[in-house]
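Work through these exercises with the model open beside you. Each task is followed by a solution in steps.

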Amino acid sequence: MSDLTDSNNPLAEAGIDTLAVRAGQSRSAEGEHSEALFLTSSYVFANAAEAAARFSGDSPGNVYSRYTNPTVRTLEERIAALEGVESAVATASGMSAILSTCMAFLQAGDHIVCSRSVFGTTTVLFTKYMERFGVSTTFVNPTDFDDWEAAFTPQTKLVFVETPSNPLCDVVDLQRLADLTHAHKALFVVDNCFCTPALQKPAQFGADLIIHSATKYIDGQGRCLGGLVAGPTVLVDEVLGFIRSAGPTMSAFNAWVFLKGLETLRLRMDAHSANAQQLAEWLQNHRAVEKVYYAGLPDHPGHALAAKQQRGFGGVLSFTVSGGRESAWQVIDATRFLSLTANLGDAKTTIVHPATTTHGRLSDEQREQAGISQGLIRIAVGLEDVDDIKADLARGLDSL
Ligand SMILES: *Cc1c(COP(=O)(O)O)cnc(C)c1O
């Protein structure tokens with residue numbers, strides 16, 4: 001089933017919805033319809049010669065679930081198919097996908113250029129831990145190409161970006177950044193967590209490796225942690241080599257949950273996007289709202305670019321209220337069913353005050369640079385009735 005370039009493969013010409021439901025599945029002798037969950041740590045061999053061949057790599061089968069597992073492999077093949085790349089490898093979390101990518105390609109003396117608007121823990125990983133092993137990072141304004149250009153050094157090996165960014169929905173020109181990165185002979189890594197392949201396929205715009213936190217929209221219902229790295233086999237194999245040796249492997253159970261999540265990925269992403277669009281337009285017209293950050297709004301500076309490189313604008317938006325932190329907290333505390341949590345990519349709408357939570361560790365100056373004001377509220381719009389979400393927010397907004 002796996003080789004989608006093989007014209008005998010019934011999925012060779014399949015669209016994204018078909019791939020999301022069927023790619024990567026190979027049925028066992030039991031003929032199960034739903035993907036099988038292989039909860040096994042190791043595998044048995046028919047005889048001593050087969051064991052030797054498996055261990056030496058002469059025979060390709062399973063040895064141990066830190067190396068390969070059939071359920072995890074189905075997920076890896078499905079994600080690769082959806083992203084339109086050759087291979088993928090699954091990891092225990094999104095962070096271990098990023099760590100494993102760094103460990104596979106970087107060594108002491110190397111340099112990373114990274115967007116300033118990336119997931120907070122990614123910043124911690126690069127500054128606190130990679131730095132300790134001699135890898136330095138320069139953070140840049142993601143929409144300022146002079147800033148990107150100036151950050152490169154002869155030691156730059158990896159460029160890391162998220163688009164649209166969290167929480168302000170800055171949109172980065174992927175093709176332009178890919179060209180710049182490749183001119184400097186560095187590896188272009190895109191964290192595609194916010195869009196998923198249902199809305200954006202970074203490989204079409206020159207990304208070398210695509211990172212996912214499967215914890216978010218790939219699961220879609222907030223149950224399991226997981227991550228993936230996708231790209232050409234020669235690169236993914238390097239990451240796989242680190243994972244086999246270090247052990248941040250995805251559990252088969254989590255892979256099975258993610259496979260179920262993927263079956264509805266595009267439907268959910270379209271519904272998240274539609275709800276977010278309606279909510280953004282409603283917020284924009286509320287007198288207590290100063291500014292709405294959502295690339296689906298025509299006056300957002302990244303609107304045209306997002307319309308070009310994304311199939312939809314996604315489920316995350318932010319807005320500022322007048323009156324700073326006090327007003328923002330008032331709106332958050334007046335909600336009755338929205339979930340006050342920093343997580344996102346869930347059927348349940350979540351609300352958070354970035355300045356005192358996800359971005360609370362930044363200095364005032366860093367926070368200002370990143371545009372995270374005290375009046376800013378982030379919403380990861382879920383799949384509830386959008387009128388109910390509006391009503392839950394209106395309670396606090398109307399009182400301002
Ligand atoms: C959550 C997240 C991560 C980290 O993923 P975990 O699964 O929590 O380790 C990385 N990047 C982005 C954009 C995220 O939202």
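**Exercise 1. Helix H2 and its ends**

Which residue just after H2 takes a positive phi, and of about what value?

Solution. The residue is Gly-57, with phi about 90°. Now go to the other end. H2 covers residues 48-56, and at its start a side-chain oxygen of Asn-47 comes within 3.3 Å of the backbone nitrogen of Ala-49. Helices here are DSSP runs of H or I with at least four residues, strands are runs of E with at least two, and both are numbered from the N terminus.

Before going on, note the ground rules. This is a predicted model, where local features need pLDDT of at least 70 and side-chain atom pairs count only at pLDDT 80 or more, while totals for chains, interfaces and linings use all residues. Residues are numbered from 1 along each chain as its sequence is written, and side-chain values use heavy atoms, with hydrogens and water left out.

**Exercise 2. The ligand shell**

List the residues around the ligand, sort them by class, and find side-chain polar contacts.

Solution.
Step 1: collect the shell. A residue qualifies if one of its heavy atoms lies within 4 Å of the molecule. The set is Ser-93, Gly-94, Met-95, Phe-119, Glu-162, Asp-191, Cys-193, Phe-194, Ser-213, Thr-215, Lys-216 and Gly-226.

Step 2: sort it. The shell has four nonpolar, five polar and three charged residues. Ala, Val, Leu, Ile, Met, Phe, Trp, Tyr, Cys and Pro count as nonpolar; Asp, Glu, Lys and Arg as charged; the others, Gly among them, as polar.

Step 3: look for N or O pairs within 3.5 Å; inside protein, one atom must be able to donate a hydrogen and the other to accept it, and sequence-adjacent residues count only if both atoms are side-chain atoms. A ligand nitrogen lies 2.6 Å from a side-chain N or O atom of Asp-191. A ligand oxygen is 2.8 Å from such an atom of Ser-213. A ligand oxygen is also 2.6 Å from a side-chain N or O atom of Lys-216.

Step 4: check the cover. Alone, the ligand exposes 380 Å², and the protein buries 93% of that. These areas use the Shrake-Rupley method with a 1.4 Å probe; for residues, only the protein chains shown count as cover.

**Exercise 3. Two pockets**

Describe the largest pocket and the second largest pocket by volume and lining.

Solution.
Step 1: set the search. On a 1 Å grid over the protein atoms alone, a pocket is an open set with protein on both sides within 12 Å along at least five of seven lines; a cavity is a set of points where a 1.4 Å probe fits but cannot get out; lining residues have an atom within 4 Å of a point. Points join across faces, edges and corners, and a volume is the space filled by probe spheres set on them.

Step 2: take the largest pocket. Its volume is about 670 Å³. There are 33 lining residues, with Glu-76, Glu-77, Glu-86, Ser-87 and Ala-88 nearest the centre. They divide into 16 nonpolar, nine polar and eight charged. Helix H3 (70-83), strand E1 (87-91) and helix H9 (233-246) each supply at least two.

Step 3: take the second largest pocket. Its volume is about 420 Å³. Of its 23 lining residues, Arg-116, Thr-123, His-359, Leu-362 and Gln-366 lie nearest the centre. Helices H5 (120-130) and H14 (364-369) give two or more residues each. H5 has the largest share, with five. By class, the lining holds eight nonpolar, eleven polar and four charged residues.

**Exercise 4. The cavity and its loop**

Why does the largest cavity lie between domain 1 and domain 2?

Solution.
Step 1: domain 1 (16-262) and domain 2 (266-397) both give residues to the lining, so the cavity lies between them. The bounds come from an automatic or database domain assignment.

Step 2: size it. The volume is about 50 Å³.

Step 3: read the lining. It consists of Pro-164, Ser-165, Cys-169, Phe-194, Cys-195, Phe-313, Gly-314, Gly-315 and Val-316.

Step 4: inspect the backbone. Pro-164 sits in the loop between strand E4 (156-162) and helix H7 (174-183). A cis peptide bond joins Thr-163 to Pro-164, with omega about -5°. Cys-169 is in the loop between E4 and H7, and has a positive phi of about 60° although it is not a glycine.
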